[in-house]
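Please open the structure in your viewer and keep the sequence panel at hand. The tour below proceeds by selection, one stop at a time.

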Amino acid sequence: MAVAAGDAVRWVELSADVMVAEREHLTKLDSAIGDADHGANMSRGFQAAVEKLSADSPGEPAAVFKSVGMTLLSKVGGAGGPLYGSFFMKLAEPIGGSEQLGPEEWMAALRAGVEGVKARGKAEPGDKTMIDALMPAVEALETAVAEGASFASALERSAAAAEQGARATVPLVARKGRASYLGERSAGHQDPGATSSHLLLRAAAEAWG
Ligand code: ADP
Ligand code: MG
């Protein structure tokens, strides 16, 4: 399996479906430690991204990722929109005009995307943000690729690491974003952004595995 433009679009479509399906769950998580808009932000943003892609029909994966990044940056407010916008813009950078992505290219893209979120939001692992799902996901992907795992298995391991990372945000005290205003009271709840990051990586494993 290699990821061509149509497969990249498929990932975005599956992501939109899952964000819509999990909208209430994300809203609930964000109402506990934020302002209850993460479900709406993600489902609206990804639906807009799908619409834009069907108008654009980009020719290679990098163009798909850039289109999604631009849509999220322009259509989604709050912290989540710009952070996921940067994530998708940065995914495009290491892969240039490649028509098909294999595991190594996806690994380079995901590493760049995660570093983009870090650069923009200045969060470190343990701050109770989407970084807590994204960072383990890219690390698991790198380990799997180094071990010569198949693309499907590498994607599965990356999604599983993101899920674990999202669950592991529950006891943490938030140090970045809106949840940090709650201080110690942010502990005991799963971070909404880490949860949506897991959903994205799960959708990639489903779309490309
Ligand atoms: P807002 O917090 O502005 O309402 P969202 O609800 O869409 O935006 O997104 C909230 C999520 O954004 C949080 O759960 C967290 O994962 C993520 N987040 C917030 N600030 C940062 C940051 N500085 N770095 C990385 N992720 C962040
Ligand atoms: Mg919010």
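A residue counts as buried when its relative accessible area is under 20%, and as exposed when that area is over 50%. Please bear in mind throughout that this is a predicted model.

**First stop: Ser197.** Select Ser197, which is located in helix H9. Is this residue buried or exposed? Its relative accessible area is 0%, and Ser197 is therefore buried. Now display its surroundings: beyond the neighbours within four places in sequence, Ser197 is in contact with Tyr84, Met130, Ala133 and Leu134.

**Second stop: helix H8.** Select residues 151-167, the 17 residues of helix H8. At 1.5 Å a residue the helix should span 24 Å, and its end C-alpha atoms are indeed 24 Å apart, so the two values agree. Next, colour the buried residues of H8, among them Phe151, Leu155, Ala162 and Ala166. The buried residues cover an arc of only 160° around the axis, which means that they lie on the same side of H8. An α-helix has 3.6 residues a turn, so residues three or four places apart point the same way. On the face turned away from the buried side, find the exposed residues Gln164 and Arg167. Then show helix H6 (103-121), helix H7 (131-146) and helix H9 (192-208), against which the buried residues of H8 pack.

**Third stop: the largest pocket.** This pocket holds about 510 Å³ of space. To reach its centre, select Ala79, Gly80, Leu83, Gly177 and Arg178, the closest to that centre of the 28 lining residues. Which helix gives the most to the lining? H6 does, with 4 residues. By class, the lining has 10 nonpolar, 9 polar and 9 charged residues.

Note on methods
Residues are numbered from 1 along each chain as its sequence is written. Chains are lettered from A and ligands numbered from 1 in the order in which they are written. This is a predicted model: local features need pLDDT of at least 70, side-chain atom pairs count only at pLDDT 80 or more; totals for chains, interfaces and linings use all residues. Side-chain values use heavy atoms; hydrogens and water are left out. Helices (H or I, at least four residues) and strands (E, at least two) are DSSP runs, numbered from the N terminus. The expected span of a helix is 1.5 Å times one less than its number of residues. Buried means under 20% relative accessible area, exposed over 50%, partly exposed in between (1.4 Å probe, protein chains only). The arc is that of the directions from the helix axis to the C-beta atoms. Contact means heavy atoms within 4.5 Å. On a 1 Å grid over the protein atoms alone, a cavity is a set of points where a 1.4 Å probe fits but cannot get out, and a pocket is an open set with protein on both sides within 12 Å along at least five of seven lines; lining residues have an atom within 4 Å of a point. Grid points are joined across faces, edges and corners, and a volume is the space filled by probe spheres set on the points. Ala, Val, Leu, Ile, Met, Phe, Trp, Tyr, Cys and Pro count as nonpolar, Asp, Glu, Lys and Arg as charged, and the others, Gly among them, as polar.
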